[in-house]
Amino acid sequence: MIGHGHRLPDIFDYTLAQVQGFLRATGRQEAASDARLLSLIALGTRGDARNVEQAMDKLTDRSSLS
């Protein structure tokens, strides 16, 4: 939970239900991140060069937005 922005002193004050809820939310976020990564890996290994370049351009554009 600390890796997702929770401070250790705050975690000690959470109820069991709060900890369980935050852990479920963290699990959902990590699963979504893993799915995106798997999609990118599949695109990189099976996609043609043009599709890979388009995906890289989109990701680069998103990463440079403030």
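I began with the largest pocket, and noted that helix α2 gives the most to its lining, with five residues. This is a predicted model, and I kept that in mind for each entry below.

**Pocket**

I looked up the volume of the largest pocket and found about 180 Å³. Its lining consists of Ser33, Arg36, Leu37, Leu40, Leu43, Ala55, Lys58, Leu59 and Arg62. I then checked which helices take part, and wrote down that α2 and α3 each supply at least two residues of that lining.

**Confidence**

Before going further I looked at the confidence of the chain, which averages a pLDDT of 90, with 98% of the residues scoring at least 70. Helix α3, residues 49–64, has the lowest confidence in the chain, at a mean of 85, while α1 has the highest, at 95. I added a general reminder that predicted coordinates should not be read in detail where pLDDT is low.

**Salt bridge**

I searched the whole structure for salt bridges and came away with one. It joins the side chains of Arg7 and Asp10, at 3.0 Å from N to O. My margin note says that side chains of opposite charge can pair when their charged atoms come close. I also asked myself how accessible the two partners are: Arg7 is exposed, with a relative accessible area of 52%, whereas Asp10 counts as partly exposed at 29%. Arg7 is placed in the exposed class because its 52% is over the cut-off of 50%, and Asp10 is placed in the partly exposed class because its 29% lies between 20% and 50%.

**Surface patch**

Next I looked for nonpolar side chains on the surface, and recorded a patch formed by Ile2, Leu8 and Phe12, which together have about 340 Å² of accessible area. I followed up Phe12, which sits in helix α1, residues 8–13. Phe12 is classed as exposed because its relative accessible area of 65% is over 50%.

**Thr15 and the loop**

My last entry concerns Thr15, which I located in the loop between α1 and α2, the latter helix covering 16–46. At 42% relative accessibility, Thr15 counts as partly exposed, so it falls in the class between 20% and 50%. I also took the separation from Thr15 to Thr60, and found their C-alpha atoms 40 Å apart, with the two positions 45 residues apart along the chain.

Methods:
Residues numbered from 1 in each chain as written. Predicted model: local features only at pLDDT ≥ 70, side-chain atom pairs only at ≥ 80, totals over all residues. Heavy atoms only, no water. Patch = residues over 30% accessible without salt bridge, like charges linked within 9 Å, V, L, I, M, F, W, Y side chains within 5 Å. Areas by Shrake-Rupley, 256 points an atom, 1.4 Å probe, with all protein chains shown as cover. Salt bridge = Lys/Arg side-chain N within 4 Å of Asp/Glu carboxyl O. Helix = DSSP H or I, 4+ residues; strand = E, 2+ residues; numbered from the N terminus. Buried < 20%, exposed > 50% of the residue type's maximum accessible area, 1.4 Å probe, protein only. pLDDT = per-residue confidence, 0-100. 1 Å grid on protein atoms, 1.4 Å probe; cavity = no way out; pocket = protein on both sides within 12 Å on 5 of 7 lines; lining within 4 Å. Points joined across faces, edges and corners; volume = space filled by probe spheres on them.
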